[in-house]
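Here is a short tour of a protein and the ligand it holds. Have the model open as you read, and follow along from the ligand outwards.

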Amino acid sequence: MEILFDETFTPRDQAKVDIEDRGYQFGDGIYEVIRVYGGKMFCLEPHLQRLQRSTSEIRLQLPYSLERLKQLLQELVQNNHLTDGNVYLQVSRGTAPRNHKFPENTRPMVVAYTMEAPRPVKMLDEGIHTITDPDIRWLRCDIKSLNLLGAVMSKQKAADRGCEEAILHRDGRVTEGSSTNVFLVKDGTLITHPADHLILHGITRQVVLELAAELNWPVEERAASIEELFRADEVFITSTTTEVTPVISIDGRTVSDGKPGPMTRRLQKAFAERIGVGSLQ
Ligand SMILES: Cc1ncc(COP(=O)(O)O)c(CN[C@@H]2CONC2=O)c1O
């Protein structure tokens, strides 16, 4: 198993990050998780565009071009013979004596590695249980930063209650999941938080919006209230690793009849066609 370490490939057990790497000490960096289906990275361009935006938002310059990074990621997937799984990619501001302000001319540190991961078919089929949790994160959730402690604390709260995700809310309005975007269905309309600074602009969220448009479904990009969440006909989450996953309970209360709804199922089918597999394979 090789990893991408700066601009070269190295065996996984030889990759050592310095204790003064700013990603390690400050969470000063950004990351992406890219899905691989049949050996091909899905939505690679949108992921790279988001990476570019995230780095520029934190005033971090990639150490080489996006084109070069794309080439290296493709080589990484091939070298590791990855067919179905994920690529984890992160860029930190590099290594420097610990000081909050930006270091002078350090080289940002790119690390990427692959992991085998079959599609989560059981979860896609059965759905997940969730909790609600106050959104305590900072106000630039649109930047896919390494600062994930808020998300980690919420995800752990969900795990403590035997649930898979925490649906976050701010001032009584649903934002997103700790590592997912959230959609509600009410009377045939999809509702999801607008892509502003309070949520990550999910790649999967964008694919779902495109699929909904192809299906001629009405969509409202607005912040739903907590009350609307509990009264929804259907709720589902989206992310690179969870695709379109039904939510069947929230804080112990079932969503509708506690089964994945018809619009969620139709979206799962359309998503499976988009990634080129039969649904729930
Ligand atoms: C806070 C948050 N919101 C939404 C999403 C969904 O975005 P994508 O559709 O672009 O994946 C993620 C993805 N989190 C990644 C995806 O898998 N694991 C992660 O940490 C996320 O961390």
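## Who surrounds the ligand

Sorted by class, the shell around the ligand is made up of 11 polar, four nonpolar and four charged residues. This is a predicted model, so please read the distances below as computed values. There are 19 residues around the ligand, and the ones that come nearest are Arg50, Glu176, Ile203, Thr204 and Thr240.

## Polar contacts to look for

Which atoms of the protein and the ligand pair up? Start with threonine 240, where an N or O atom in the side chain is 2.7 Å from an oxygen atom of the ligand. Arginine 50 also reaches an oxygen atom of the ligand, with a polar side-chain atom at 2.8 Å. For threonine 180 the partner is a polar backbone atom, which lies 3.4 Å from a nitrogen atom of the ligand.

How much of the ligand does the protein bury? On its own the ligand would expose 480 Å², and the protein buries 90% of that.

## Where the ligand sits

The ligand takes up the space of the largest pocket. Four elements each give two or more residues to the shell around the ligand: strand 3 (29-37), strand 9 (173-177), helix 6 (203-214) and strand 13 (234-239).

Why does the ligand lie between domain 1 and domain 2? Both domain 1 (2-116) and domain 2 (121-275) supply residues to the shell, so the ligand is found between them.

## Two backbone details

While you have the model open, take a look at two loop residues. Cysteine 43 is not a glycine, yet its phi is positive, at about 60°. You will find cysteine 43 in the loop that links strand 4 (40-41) to helix 2 (44-57).

The other residue is asparagine 216, which is not a glycine either and has a positive phi of about 55°. Asparagine 216 belongs to the loop between helix 6 and strand 12 (219-221). Helix 6 may be familiar by now, as it is one of the elements that give two or more residues to the shell around the ligand.

Technical notes:
Residues are numbered from 1 along each chain as its sequence is written. This is a predicted model: local features need pLDDT of at least 70, side-chain atom pairs count only at pLDDT 80 or more; totals for chains, interfaces and linings use all residues. Side-chain values use heavy atoms; hydrogens and water are left out. A residue is near a molecule or strand if one of its heavy atoms lies within 4 Å of it. A polar contact is a pair of N or O atoms within 3.5 Å; within protein, one must be able to donate a hydrogen and the other to accept it, and residues adjacent in sequence count only if both atoms are side-chain atoms. Accessible areas come from the Shrake-Rupley method with a 1.4 Å probe; for residues, only the protein chains shown count as cover. On a 1 Å grid over the protein atoms alone, a cavity is a set of points where a 1.4 Å probe fits but cannot get out, and a pocket is an open set with protein on both sides within 12 Å along at least five of seven lines; lining residues have an atom within 4 Å of a point. A molecule sits in a cavity or pocket if more than half of its atoms lie within 2 Å of its grid points. Ala, Val, Leu, Ile, Met, Phe, Trp, Tyr, Cys and Pro count as nonpolar, Asp, Glu, Lys and Arg as charged, and the others, Gly among them, as polar. Domain bounds come from an automatic or database domain assignment.
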